[in-house]
Amino acid sequence: MLGTGGTIAGRASSPDDLSGYVAGQVGVADLVRDIPALAGGAVEVEQVAQIDSKDMDLGVWQALVERIAHHLARPDVVGVVVTHGTDTIEETAYLLQSVLKPRKPVVLTCAMRPATALAPDGPQNLNDAVLLARCAGAQGVVVVCAARVHGALDIAKTHTYQVDAFDSGDAGPVGTVEHGQVRLFRPWPGAGDTGEGMVDETTVKRFLKATRLPRVEIVLSHAAADGLMVRCLLEHGLNSSPAPLQGLVVAGTGNGTVHRSLLSVLEDAMTAGVRVVRSTRCARGQVSADKTGIPDSDGLSPLKARLALMLDLLKG
Ligand code: SIN
């Protein structure tokens, strides 16, 4: 069980305060106390970070990847649970799946109410996460929240405060946890080709060696877009040290279409050697190939397309 902070570890001054709390206050060792699914089984607890997940950064991601890879390689470990804030859990889940491609389960969980709430949702989510991590045949990175199990590729936070704040779009959740039982709707996320190991050693090593993430910015296409943001990025970002602009993800309208004024500046960006990817502002559906010559995001949201491009640039 690896703790990183979040609302699940949040503390407020009164039990009815569900918004004025501070995230990342309660240690993971305290969170796991009295979780019924842990009774009778062995659990090891490690505090990897204690942050509000809006502040997630490369250092915490690297620490997580290193600790998860370490524990999954142990024959006595069946799976890893990570407690995390809801705000960037979809990014961490995607990153962990892409870097680790684990052959054992890595279950991220979270809460929308702080640990001090009258009726906190964290303890139930943690209980469900432990059941999932111990589930025979489980593999890959999933997120469990409000009894629904989401795959790392599909999950998106879609609500600002409700306890069931996540959605898996067209793919739907991987399954649910009902009455203490895991019910699968589709297979566990693919583990990928990890050879003999429990994780993809090559990708893990490359990610752990990175001293910074390649700069990939997200820009939005909208009515009356004029491309000024991209022009500024080209003017100031191409030579910015230590992280020059290397990529842009455009969150396009509908099927990834881009305002003509923005499109012409994106073409300038590509001419200047910046990699550009088209995704969509829409919550559902995926962008298909078009005539712009800008590659589509292969079904990924702008946030995940950004990470995919960063990880690809790290290879170079
Ligand atoms: C966070 O993401 O760390 C704070 C918000 C939350 O966990 O719901």
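These legends accompany several close-up views of a predicted model.

**View 1. The open sheet and its strand order.**
Let's start with the framework. The sheet is open and has 8 strands, which follow the order β2-β1-β3-β4-β5-β6-β9-β10 with mixed pairing. The edge positions belong to β2 and β10 (181–184); each has a single partner strand, so one side of each lacks a neighbour in the sheet. On average, neighbouring strands of this sheet are turned by 20 degrees against each other, direction ignored. Helix α2 lies across β1 (2–5), β2, β3 and β4, and runs at about 160 degrees to β2.

**View 2. Strand β3 and its partners.**
Here we zoom in on β3, which covers residues 80–83 and pairs with β4 (residues 105–109) in the parallel sense over 4 bridges. Two of the residue pairs are handy for finding your way: Val 80 has Val 106 as its bridge partner in β4, and Val 81 has Val 107. Strand β1 also pairs with β3 in the parallel sense, over 2 bridges, and Leu 2 stands opposite Val 82 of β3. As a reminder, strands of a sheet pair through backbone hydrogen bonds, either parallel or antiparallel. Which residues of β3 are buried on its two faces? Val 80 and Val 82 are buried on one side, and Val 81 and Thr 83 are buried on the other, so both faces of the strand are covered.

**View 3. The surroundings of the ligand.**
Next comes the ligand, which is surrounded by Gly 6, Thr 7, Asp 52, Ser 53, Gly 85, Thr 86, Asp 87 and Ala 111. Three side chains of this group deserve a look at their polar atoms. For Thr 7, an N or O atom of the side chain is 2.9 Å from an oxygen atom of the ligand. For Ser 53, the corresponding distance from a side-chain N or O atom to a ligand oxygen is 2.6 Å. For Thr 86, a polar side-chain atom lies 2.5 Å from an oxygen atom of the ligand. On its own the ligand has 250 Å² of accessible area, and the protein covers 95% of it.

**View 4. Ser 53, in the loop after β2.**
Ser 53, one of the residues around the ligand, sits in the loop between β2 (46–51) and α2 (58–72). Is Ser 53 buried or exposed? With a relative accessible area of 3%, Ser 53 is buried, because buried here means under 20%. Its side chain reaches the backbone nitrogen of Asp 87 at 3.4 Å. Beyond its neighbours within four places in sequence, Ser 53 is in contact with His 84, Gly 85, Thr 86, Asp 87 and Thr 88.

**View 5. Thr 86, in the loop after β3.**
Thr 86 lies in the loop between β3 and α3 (89–100). Its relative accessibility is 4%, and Thr 86 therefore counts as buried. Which side chain does that of Thr 86 join in a polar contact of 2.7 Å? The partner is the side chain of Lys 157. Neighbours within four places in sequence aside, Thr 86 is in contact with Ser 53, Cys 110, Ala 111, Met 112, Lys 157 and Phe 166.

**View 6. Gln 47 on the edge strand.**
Now back to β2, one of the edge strands, which holds Gln 47. At 36% relative accessibility, Gln 47 counts as partly exposed. The Gln 47 side chain reaches two backbone atoms: the nitrogen of Val 28 at 2.8 Å and the oxygen of Ala 49, also at 2.8 Å. Leaving out neighbours within four places in sequence, the contacts of Gln 47 are Gly 3, Thr 4, Gly 5, Gly 27 and Val 28. For a sense of scale, the C-alpha atoms of Gln 47 and Ala 283 are separated by 33 Å, with their positions 236 residues apart along the chain.

**View 7. Ala 69 on helix α2.**
The last view turns to α2, where Ala 69 is found. At 14% relative accessibility, Ala 69 counts as buried. Its contacts beyond four places in sequence are Leu 100, Val 199 and Val 204. Ala 69 and Leu 100 are 31 residues apart in sequence, while their C-alpha atoms are 7.2 Å apart in space.

How values were computed. Residues numbered from 1 in each chain as written. Predicted model: local features only at pLDDT ≥ 70, side-chain atom pairs only at ≥ 80, totals over all residues. Heavy atoms only, no water. Buried < 20%, exposed > 50% of the residue type's maximum accessible area, 1.4 Å probe, protein only. Polar contact = N/O pair within 3.5 Å; in protein donor to acceptor, adjacent residues only side chain to side chain. Contact = heavy atoms within 4.5 Å. Pairing = 2+ DSSP bridges. Axes fitted to C-alpha atoms, helices over the stretch in contact; angles between N-to-C directions. Near = heavy atom within 4 Å. Areas by Shrake-Rupley, 256 points an atom, 1.4 Å probe, with all protein chains shown as cover.
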